[in-house]
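Trainee: I would like to go through the labels given to this structure. Please take me from each value to its name.

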Amino acid sequence: MALRFFNTYSREIEEFQPRDPPERKIDIYTCGPTVYSRAHIGNFRAYIFEDLLQRHLELRGDKVHRVMNITDVDDKTIRGAREAKIPLSKFTARFKQAFFEDIETLRIKRADEFPAATDKRYIDRMIEMIGALISRGLAYQAEDKSVYFRINKFPDYGKLAHFDLTQLQSTGRVKHDEYDKEHIGDFALWKAWDEEDGDVGWESPWGRGRPGWHIECSAMATALLGEQIDIHCGGVDNIFPHHEAEIAQSEGVTGKKFVRYWLHCAHLLVDGQKMSKSLGNFYTLPNLLEKGYTGREIRYALMRVHYRAPLNFTWEGMEEARQALARINEWLLRLRETAAKKIDKGKNTKQPGQQFEEALDDDLNISAALGFLFESIRETNRAMDESKFDSASANAWLNWWERINSVLVLEPVQESVSVIISGSGVDGKAAVGSGRVIIEEAIPPDVAKLAEERAQARLAKDFQKSDELRNELSARGWEVRDTKDGQKITRRAGG
Ligand SMILES: [Zn+2]
């Protein structure tokens, strides 16, 4: 099946044609985080969709080159640094680091490049582009010394968002902060320095100042990927004005079509509502990890709904994700056992097909692809129950899993973690022994605490308490076995 995507620009499903079919090289630009706070799960929904896109293209044999920018200068980062009373670069550094930790937890493949807006190379490129826009009459410096894009001179402005420019004109000028612009819709390319900016600023032909957010992406995208990009992604809230402005700026400079396919990810809701700090339904990745969920479970929960449909995040949904992954775990274990048994009398054994990949070819329809995965699990499990499944088929399904898991990245991990088992030693000091705990998942803090108490009970030879704690762990879904190396803790497959 041909690969097809819904292109926001045309509002139609289009067959995907890369710029360079023989090389199968595909350039993707993805708007990255603004590093003024920890990214929330709505941001990660979009980043996981982009990860799925990249991995699916790679599974098809395409060579993807992906750039994700880091916005490390804008109003929010400057305000944050000022409030924290530290330099901007120091303020943004910790959120950059947190972002990289979070994408690793979620198994999101790193982009090939993560350009930062404050890098001198890109500041120079922004200044160069703004200069070109002014010389073409597409930008002007206003009385407030800032430079603005003149949207009336760019007839295509509004095409991506399907936005009617006359709506803007009819509202006329507004006083607040807008009095220096020719048109209310004109957006800042270069913001003249003011006191609030403190020591943040760069010299330019228009005086000291800093770039507007939109020009950052145009400059980094064209500097790293050239004048035309195959695919540009982001969340739906980026469409207007951010991506609309990116088109105007880039095409205003190059005169060429900037992006061939615009793909946008829908919102994430929490319990049916927009996520907000005031509603108390605002979550970062650490918030979910603290509740005992793993990166793998969160990845699944944020991935499983088609990217153009709103995703409603709920705790029941997290439990479903946990159960779905436990089903996959059990299935893989069973397939591996069957493969190892050398059974050769399987009859009517179901063989893997192309449905998973075909579903993803169809505008990345992950819900249909996962539907096929679970239908296959049900059918092959039934065949194994009825001993109608041979080792060759088990191997065929395991190979198929390897293939589709290069996109899903949901393989259970076999992590080996050293835990300290402490208790009272004979000399009254804490006896500290290091035991290996083989786990499939990260252990939530409450479970680790119970395991720790159980280790102490055993050191004190209080076997009754030790058994009670084992039951308590079991009730929470964790199995404990005592080995000579220490306690072995595994999450029980359930659901
Ligand atoms: Zn952007």
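The talk below takes up the labels in turn.

Mentor: Remember that this is a predicted model. The chain has 15 helices and 17 strands. Of its 495 residues, 51% count as buried.

Trainee: What share of the contacts with a separation of 6 or more comes from residues 24 or more positions apart?

Mentor: That share is 73%.

Trainee: Now the helices. Why is H1 called roughly perpendicular to H9?

Mentor: The axes of H1 (residues 41-59) and H9 (residues 295-303) cross at roughly 85°. They come within 9 Å. The label roughly perpendicular covers 65 to 115 degrees. So H1 is roughly perpendicular to H9.

Trainee: Which residues make that contact?

Mentor: H1 brings Ile41, Phe44, Arg45, Ile48, Asp51, Leu52 and Arg55. H9 brings Arg299, Leu302 and Met303. By class, the contact of H1 with H9 has 6 nonpolar, no polar and 4 charged residues.

Trainee: And what makes H2 roughly perpendicular to H3?

Mentor: H2 (residues 75-84) and H3 (residues 88-105) pack at an angle of about 105°. Their axes are 9 Å apart. The range is again 65 to 115 degrees, so H2 counts as roughly perpendicular to H3.

Trainee: Which residues meet there?

Mentor: Thr77, Ile78, Gly80, Ala81 and Ala84 in H2 meet Leu88, Phe91, Thr92 and Arg94 in H3. The contact of H2 with H3 divides into 5 nonpolar, 3 polar and 1 charged.

Trainee: On to the rings. How many aromatic pairs are there in the whole structure?

Mentor: A search finds 27. One of the pairs is Phe258 with Trp262.

Trainee: What makes the pair of Phe258 and Trp262 edge-to-face?

Mentor: Rings pair if their centres lie within 6.5 Å, and planes over 60 degrees apart count as edge-to-face. Phe258 and Trp262 are 6.4 Å centre to centre, with 65° between the planes. Both tests are met, so the pair is edge-to-face.

Trainee: How do you know whether Phe258 and Trp262 are buried or exposed?

Mentor: Buried means under 20% relative accessible area. Phe258 is at 0%, so it counts as buried. Trp262 has 1%, so Trp262 is buried.

Trainee: Why is the pair of Trp331 and Trp397 called edge-to-face?

Mentor: The ring centres of Trp331 and Trp397 are 6.2 Å apart, and the planes stand at 70°, so the pair is edge-to-face. Trp331 is in H10 (residues 315-341) and Trp397 in H13 (residues 391-408). The two are 66 residues apart, so to speak of distant parts of the chain is fair. Trp331 and Trp397 are buried.

Trainee: How do you know that the charge of Lys257 sits over the ring of Tyr9?

Mentor: The charged end of Lys257 is 4.1 Å from the ring centre of Tyr9. The distance limit is 6 Å, and the charge must also be within 35 degrees of the ring normal. Lys277 likewise lies over the face of Phe282, at 4.7 Å from the ring centre.

Trainee: Last, two loop residues. Why is Thr34 called buried?

Mentor: Thr34 has 18% relative accessibility, and the cut-off is under 20%, so Thr34 counts as buried. Thr34 lies in the loop between E3 (25-30) and H1. Leaving aside neighbours within four places in sequence, Thr34 contacts Thr71, Asp74 and Thr77.

Trainee: And why is Arg150 called buried?

Mentor: Arg150 is at 18%, under the 20% cut-off, so Arg150 counts as buried. Its place is in the loop between E6 (147-149) and H5 (165-171).

Note on methods. Residues are numbered from 1 along each chain as its sequence is written. This is a predicted model: local features need pLDDT of at least 70, side-chain atom pairs count only at pLDDT 80 or more; totals for chains, interfaces and linings use all residues. Side-chain values use heavy atoms; hydrogens and water are left out. Axes are lines fitted to C-alpha atoms, for helices over the stretch in contact, and angles run from 0 to 180 degrees between N-to-C directions. Helices (H or I, at least four residues) and strands (E, at least two) are DSSP runs, numbered from the N terminus. Angles under 35 degrees count as roughly parallel, over 145 as roughly antiparallel, 65 to 115 as roughly perpendicular and the rest as oblique. Contact means heavy atoms within 4.5 Å. Ala, Val, Leu, Ile, Met, Phe, Trp, Tyr, Cys and Pro count as nonpolar, Asp, Glu, Lys and Arg as charged, and the others, Gly among them, as polar. Rings of Phe, Tyr and Trp (its six-membered ring) pair if their centres lie within 6.5 Å; planes under 30 degrees apart count as stacked, over 60 as edge-to-face and the rest as tilted. Buried means under 20% relative accessible area, exposed over 50%, partly exposed in between (1.4 Å probe, protein chains only).
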